[in-house]
Amino acid sequence: QVQLVESGGGLVQPGGSVRLSCAASGSIFRIKYMAWYRQAPGKQRELVATITNDGSTNYADSVKGRFTISGDNAKNTVYLQMNTLKPEDTAVYYCNFNAQRRGWLSYADYWGQGTQVTVSS
């Protein structure tokens, strides 16, 4: 079984910064990629950033230059550093791992429970 636990959300003022963390526990053998998604009220979940196992990153246009995704494969942990936050960044943020479990041949998607980030003065 694989469990993802997120931390680091909260209330932050516009222009501020926050760092999210997501640690996976369980029988992970290999990670193909890690990602962060977000979902604002009344909107669909959207991809924010991804990082592959070789360190390649990709970002949504709305967060380029402000957010940075990083990962520690040895610790099965992914981070999202969010700077210059805007009210429109307010959402529940979810981490996602595409990983292979020990003894399994296929990869599967695993999700965190979500953490709220609210940008407001």
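1. Let's start with a loop residue: Thr84 is partly exposed, with a relative accessible area of 45%. In this predicted model, Thr84 sits in the loop that joins strand 8 to strand 9 (91-101). Its backbone deserves a look too, as phi of Thr84 is positive, near 50°, in a residue other than glycine.

2. Asn76 invites a similar check. This residue belongs to the loop between strand 7 (67-72) and strand 8 (77-82), and phi of Asn76 is near 50°, again a positive value in a residue that is not glycine. As for accessibility, Asn76 has a relative value of 16%; buried means under 20%, so Asn76 counts as buried.

3. Next, the disulfide. The structure holds 1, formed by Cys22 and Cys95 with their sulfur atoms 2.0 Å apart. Because Cys22 lies in strand 3 (residues 18-26) and Cys95 in strand 9, the pair ties together parts that are 73 residues apart in sequence. The torsion about the S-S bond of Cys22 and Cys95 is about 50°, so this disulfide is right-handed. Both cysteines, Cys22 and Cys95, are buried.

4. Two charge-over-ring contacts may interest you if you look at the electrostatics. The charged end of Lys32 sits over the ring of Tyr107, at 4.4 Å from the ring's centre. Arg45, in turn, lies over the face of Tyr94, 3.8 Å from the ring centre.

5. Finally, ring against ring: how many aromatic pairs does a search of the whole structure find? The search gives 1 aromatic pair.

Key:
Residues numbered from 1 in each chain as written. Predicted model: local features only at pLDDT ≥ 70, side-chain atom pairs only at ≥ 80, totals over all residues. Heavy atoms only, no water. Helix = DSSP H or I, 4+ residues; strand = E, 2+ residues; numbered from the N terminus. Buried < 20%, exposed > 50% of the residue type's maximum accessible area, 1.4 Å probe, protein only. Phe/Tyr/Trp six-rings, centres within 6.5 Å; stacked < 30°, edge-to-face > 60°. Lys NZ or Arg CZ within 6 Å of the ring centre and 35° of its normal. Disulfide = S-S within 2.5 Å.
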